[in-house]
Amino acid sequence: MTKDPANSKRRRAVRESDTEISRPRLLGLLALLAVLGAIFPFAYSRLNRWREREELASRQMRGEAPVDAAAPAANAKELPAAQLDVPDTFADLPASRAEVTKFLKEEAIATAKKVVADFPTEFRPNGLLAITYNRFGDADEAEQCWQQCLTANSRYAEAYSGLAAIAKSRGDNEKAVQYYRKSLEIDPSLPNVRAELAEALMSLNRMPEAAELLEQERRTAPTSLEAAYQLGQAYSQLKEYDKAIKGYEAAIAIDPNYANAYYGLANVCRRAGKTAQAAEAMKKFKEFKETDIRAQRDQSRKFDDEGEVRKSAAFVHAVAGGIYAEAGRIRKADSHWQRAIAIRPNDTAARMQMVLFHQRHNRIADVIRVLEELRAIEPNDSGHCLNLAGAHLQLNDLRSAESDYRSALAIDPRSAVACASLAGIFLRTGENLAEARQMAQKALELEPTSQNCVLLAAICQRSGDLPGALEAIARARSLEPNNPNFRAIESQMQAALEKSRKP
Amino acid sequence: MGLTQQQGALGNSVPGILRAIAAFAWAMWAVAPGLGAEKCPIRLHEVTKETGVSFRHTDGSSGRRFIVETVTAGLAVFDYDGDGLADIYYVNGAPLPGCTDPSKPKNALYRNEGNWKFRDVTEESGVGDAGFGMGVTVADYDNDGDADLYVSNFGPNVLYRNNGDGTFRNATSEAGVAAGDTVGAGVAFLDIDKDGDLDLYAANYVQFTFETNVDRTVDGFPEYAGPKDYPHEPDLLFRNEGNGKFTDISRESGIASVASSGMGMVCADFDRDGDTDIFVLNDVAGNSLWVNDGSGRFQNEAVERGFAFNMNGHELGAMGVDCGDYDNDGWLDFFMTSYSGELPVLFHNLGDGFLEDATLVSGAGAGSLQHVNWGNGFIDFDHDGLSDLFIANGHLQDNIDQYSDTYTYKARNLVLRNIGGGRFSNVSEQAGDGLLPKHSGRGAVFGDLDLDGDEDVVILNSREASTLLRNDSDPRNHWVRIELRGLQASRDAVGAQVTVVAGDLSQVREVHSGRGYQSHWGSQLDFGLGSHDRIDRVEVRWLGGAVQTIANLGIDRRWVIFEGRPDAVPLERPTGKPQD
């Protein structure tokens, strides 16, 4: 994995604004929360907020605006009354390959513009239009759209991030820093913004500021590859080689195949006089770099312009559908999702939106149906397995959920969520407690969070290992010292332990 | 005699008073409200129209978008007739299949007639190669006292041997350096084995034929394919046998062991071990650093030494590279230009055989991100004793404006002023009207075209006329220009390093043949001295290790230092007539 796909230089201009869809882990998390919530009610509300944060993150990664708290919440059981809204109809795609890209680009922009027109007082449609313009190389228009968003809602953090990204692509890092800071001020939980801000600061040779920010990010997002790697870069530039080494080593711990981190590590180790470690890291770098270069060359040769435009156009329809669905205009939403799939039969963005929609309306069978389609389209994406597991858990189908989690782990053995969730299922059923403990420990190792400590504590307690449970809760407390619940639980457990020791 | 020539000539004889007057006048102008209120001492003024240079570059395009169109071409500044005035040689493209341009483009040589007048002497000099030109280098490869030319082509390369009378003859066949039928790139003469004969390195780009042309589109817009779309090609190294013939030693020297996508190059003794190493940029493939073992055998150690990639370990769309000591620490550093969306890279020489990416901490990437950067040079425009950076810009996708408003096909060039402490500042907005025009630049070269002591600029623009910039920077600072004449070493002393010490200012330069973006300049080494009014010591490290020291060299003059001779010889004021 490389941080920056800068290697195909001719494609650079369009790649920067590429709209990749990330897999939400929402349903997988929901499953874990359901399990944990049943056992630790005190933790549930906190984890629920965690879930909200995850949802927000996943939406942001998809380029969507966050759900407006003030927007009418869709009823979990009933479809909104406006579902009879007239669906959009779309023209047939041109037969000529040469014309398809132009046609779809125009359709994408027109679609985003239509959403803006349909929701004139909302800020999110302008966000979609901004992303669309930016994707097709019109940064000036994109900038205006982000500004429009801010006119409608001056607290729209993503708009500041969008403006910052445009400023950064123009080399105006001063402006980028201002926008990123504003964005973080409004929403400190926005993913990747600190890392982006740090990169802009580094471009301005403000290394100490960048390092400080990245240290913060490392504390709040210990699994952020970007933060760890960039921390190495910042300290390397500051010639604080020991700290730089720690940064690169953290990045490698997160992604052991990350070639560039080995490169940084080799260089700082050499400068720090650690020649053996430098040589070892350089060897690794060369190994991974060769693979990367081959893969990129391959990718460059396989570059499918029409496919990329189809993907982007489908994405716009997917998000447009999401906005209509949220407003209760279900048929219109569905017509956009179907259009996305017509444009790109294997499209995942529209299907993800459909999953979210069905999930919101508690149509779990539909959720599972669409997720199965997603799994068939992307068999190597563990996220789909996690989501399927979550859906099965909602149906109380623990066996299927367990199987889904095992599939997720087969694809990604380092999935902390899958480990924790499996442990949660065993905890709930009371079966395989030994494996449950193993899984909880692995989850904690992969993601040292207080939630995973609590899970381990619960399993230990269930297995009769009160000292183990106490140790896990103590760790949770050290991770979240201000959480009063952990203190209370610890006291309860302490009392129970003392009681059990009395003859 | 033109004003600038007068300045140069008078400057040599009565430097004190006139220099003070010039400096006062400049200072008044520089601070006059509305004229040049910014306190940037660098001023580049465009003089193209008055020079008589009518060269127009062609890339031979017809809309079929062959990759070779994007990378042509470099140029050279050198004194072909030995009259003391630097002349200009432009490399040109040629019509490619489908091109209906009725003109018959060819390379062109413009003789410097003095006073910013140039005359096209292509026909009479015999250097108007009509091949599809890519790069050029210059050196006296036969040690007969005149400058020879080597041109790389898409197709066979060409060696022009100087007859010493203002004419050249094509010596390619007899020398054996046609280098096959490849897509050529940067070229350089260097003495790989310190035998006094200049050997020849010829980089190659990719394996391309019209039949294997790759068609690409972006968002439906046609686009030139990139170097990853074609197989790579090894570079070539020729050993000079000393009898006018060269032998291909690519395989035995180690050079043939790597196939890549060569672009600009420069040769330099970066580790000061007494032999010349070879720096070749490779387009999106990781650069090569061929470390010389002293005997003319090389090993590519670019990755380990820190030259292959930028600080992130990324291979960039590398274009041109120059060499200079930007922080005056005595070690040669390297500046590499790159593609849009990437920063160029300043490789700081750590002095222990390793280089580190100092782009961010130095500010050397300022203003470059949106442009494809090509020709570049470490040039001390204002003679303050610190090497500034000049960067020629322009995209290679001629229709980029149609699908991106972040990048533009035509762009302004950049000047980054070295402000000391290892930092650069983008002064392009304040550095004169020469930085205003937008073109799609490729090669850029530098030389004292008007003999006023400072470095002027010539840029080859793709599909357009070239640009000539007169350096009108603050003349208050002192300078010295030095040429070397080798006896044991090659006559041009390619590979020799000169250190000039003036008080607390110590600067090092090396004589290169071939540098920047597939171009050549710099046979005369230019040292800015700032306010230092005397030179304490000049030290020459001839290739092979002999060290010669000369004390008390006069300032604001040109000197020739002969190998083994204890004193320097002032370079005579040019007669404007070719040498005998």
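Start by selecting Leu44(B) and Asn471(B): in this predicted model, Asn471(B) is the bridge partner of Leu44(B), and it sits in β31(B). Now widen the selection to β1(B) and to β31, residues 467-471 of chain B; the two strands run antiparallel and are joined by 3 bridges.

Next, bring in the rest of the sheet. Add β30 and β29 of chain B, and you have an open sheet of 4 strands in the order β1-β31-β30-β29, paired antiparallel. Where are the edge strands? Colour β1 (44-46) and β29 (441-447) of chain B, since those are the edges, each pairing on one side only. Turn the sheet in your viewer and look for the twist, which averages 25° from one strand to the next.

Time to leave the sheet and go looking for empty space. Rolling a probe the size of a water molecule over the atoms shows where such space is left. Across the whole structure, a search turns up 14 cavities of 30 Å³ or more. We'll stop at two of them.

**Stop one: the largest cavity**

Select Phe378(B), Glu455(B), Arg509(B), Arg515(B) and Asp526(B). Of the 18 residues lining the largest cavity, these lie nearest its centre. The space inside comes to about 190 Å³. To see the elements that give two or more residues to the lining, show β21 (321-324), β25 (373-379), β34 (505-510) and β35 (525-530), which belong to chain B. Which of them gives the largest share of the lining? That's β34(B), with 3 residues. Try colouring the lining by class as well: you should find 6 nonpolar, 5 polar and 7 charged residues.

**Stop two: the second largest cavity**

For this one, keep both chains A and B on screen. Pick Tyr263(A), Asn267(A) and Arg271(A), then add Met311(B) and Asp357(B); these are the residues nearest the centre, out of 16 in the lining. About 140 Å³ of space lies in this second largest cavity.

Now show the elements around it. From chain A, display α11 (225-237) and α13 (259-271), and from chain B, β24 (355-357); each supplies at least two lining residues. Which element gives the most to this lining? Zoom in on α13(A), which contributes 4 residues. Finish with the class colouring again: the lining of the second largest cavity has 6 nonpolar, 7 polar and 3 charged residues.

Key. Residues numbered from 1 in each chain as written. Chains lettered and ligands numbered in written order. Predicted model: local features only at pLDDT ≥ 70, side-chain atom pairs only at ≥ 80, totals over all residues. Heavy atoms only, no water. 1 Å grid on protein atoms, 1.4 Å probe; cavity = no way out; pocket = protein on both sides within 12 Å on 5 of 7 lines; lining within 4 Å. Points joined across faces, edges and corners; volume = space filled by probe spheres on them. Nonpolar A, V, L, I, M, F, W, Y, C, P; charged D, E, K, R; others polar. Pairing = 2+ DSSP bridges. Axes fitted to C-alpha atoms, helices over the stretch in contact; angles between N-to-C directions.
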